[in-house]
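Welcome! Here are three short exercises to work through with the model open beside you.

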Amino acid sequence: MVAQAKREWIFDDICPTPSCHASTVLPLENGDVLAAWFGGTGEGKDDVDIWVARRSSGTWLPAERISADRNIPHWNPVLFRRENGDVILFFKVGKKIAYWQTYFVLSTDLGKTWTAPRELVPGDVSGGRGPVKNKPIRLSDGTVLAPASSEQPDWLAFMDISKDDCVTWEKQRIIPVRKLVGGKPVPMIQPTLWESAPGKVHALLRTSRGHAYRSDSDDYGKTWCKAYPTQIKNPNSGLDITRLEDGTLILISNPSAKNWGVRAPLTLMESKDNGETWTEILLLEKRGKQGGEFSYPAIVHVGNKLYMTYTWQRKKIAYWEVTLG
């Protein structure tokens with residue numbers, strides 16, 4: 001049950017770029033909140049870089065640009081906290097998605113300053129390692145599991161595992177999925193993850209089939225069952241999930257079933273039975289006469305408080321705080 005909900009803009013009249021997309025959010029222990037996104041003249045343009053903003057004392061400070069190369073498009077930032085308290089920001093770099101490289105920067109002062117960008121897996125051009133859109137999760141055994149995917153040559157999802165807190169990574173096998181007519185696999189990318197019990201990990205995935213697919217693992221994300229369709233509608237758009245301490249799952253997504261359809265509405269849904277059934281608890285954005293785009297959401301929680309960001313019409317990044325009763 002939603003007790004309180006508030007939306008605000010990370011930037012309003014002072015947008016640092018004409019276009020923005022694909023945000024990530026991270027609340028900090030001192031009460032500040034970090035958010036990041038990619039922005040430039042348009043997705044895939046050479047001037048697109050990563051932008052990071054910090055919310056302090058209830059106010060969003062001016063965004064800071066992070067770039068590994070000012071002449072190559074940047075994509076899909078992901079924020080995460082290491083066990084030692086450092087903040088790590090992953091992001092993709094590349095003119096073609098199929099050949100993305102993953103870079104990262106670190107902050108030891110809660111996002112006030114950042115290191116120079118470095119490759120996550122030096123020399124890798126397989127389409128990107130580490131998290132592709134959604135946050136990694138730290139499993140009960142301390143392992144960090146990053147939800148990854150590749151678009152080379154088909155849309156396929158996999159996990160990247162780190163046992164040394166995001167220093168080195170071990171790429172796992174592709175999540176199996178049934179084949180379509182013609183022999184190609186069901187296209188699925190951008191997993192979002194939760195652990196329901198020690199070693200039991202689950203993934204929801206964006207697909208082109210009108211519904212999100214799901215896969216399950218019993219061995220801390222090393223191997224996965226064949227992905228299967230759920231009742232969660234998905235218009236081939238990003239989605240994200242967080243698991244509360246009582247086991248409740250909170251999903252933010254676009255519950256529309258048309259492939260490449262309008263990315264609206266945007267809702268919060270909850271599940272009390274580990275993702276078997278879902279109930280809408282909050283409408284964040286509704287579909288307008290012209291459709292609209294409210295997409296690529298990110299969600300995390302601290303206690304009973306949810307922190308969310310998403311793309312608003314490619315012009316702004318929306319930020320929500322929702323307190324559950």
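**Exercise 1.** Where is Asn134 found? Then work out whether Asn134 is buried or exposed, and list what surrounds it.

*Solution.* Keep in mind that this is a predicted model.
- Step 1: Asn134 sits in the loop between strand E10 (118-119) and E11.
- Step 2: The relative accessible area of Asn134 is 1%. Buried means under 20%, so Asn134 is buried.
- Step 3: Beyond its neighbours within four places in sequence, Asn134 has contacts that include Val78, Pro147, Leu239 and Pro297.
- Step 4: Now follow the side chain. A polar atom of the Asn134 side chain lies 2.9 Å from the backbone oxygen of Pro191, and the side chain also reaches the backbone oxygen of Gln190 at 3.5 Å.
- Step 5: Asn134 and Pro191 are 57 residues apart along the chain, yet 7.0 Å separates their C-alpha atoms.

**Exercise 2.** Describe the largest pocket and its lining.

*Solution.*
- Step 1: The largest pocket holds about 740 Å³ of space.
- Step 2: Its lining has 29 residues, and Lys135, Pro136, Ile137, Thr242 and His301 lie nearest the centre.
- Step 3: Sort the lining by type: 16 residues are nonpolar, five polar and eight charged.
- Step 4: Strands that each supply at least two lining residues include E2 (19-27), E7 (74-81) and E15 (188-197). The largest share, five residues, comes from E23.

**Exercise 3.** Which strand holds Thr267, and is this residue buried or exposed?

*Solution.*
- Step 1: Thr267 belongs to strand E21 (residues 266-271).
- Step 2: With a relative accessible area of 1%, Thr267 is buried.
- Step 3: Leaving out neighbours within four places in sequence, its contacts include Leu251, Ile252, Glu280 and Leu284.

Technical notes:
Residues numbered from 1 in each chain as written. Predicted model: local features only at pLDDT ≥ 70, side-chain atom pairs only at ≥ 80, totals over all residues. Heavy atoms only, no water. 1 Å grid on protein atoms, 1.4 Å probe; cavity = no way out; pocket = protein on both sides within 12 Å on 5 of 7 lines; lining within 4 Å. Points joined across faces, edges and corners; volume = space filled by probe spheres on them. Helix = DSSP H or I, 4+ residues; strand = E, 2+ residues; numbered from the N terminus. Nonpolar A, V, L, I, M, F, W, Y, C, P; charged D, E, K, R; others polar. Buried < 20%, exposed > 50% of the residue type's maximum accessible area, 1.4 Å probe, protein only. Contact = heavy atoms within 4.5 Å. Polar contact = N/O pair within 3.5 Å; in protein donor to acceptor, adjacent residues only side chain to side chain.
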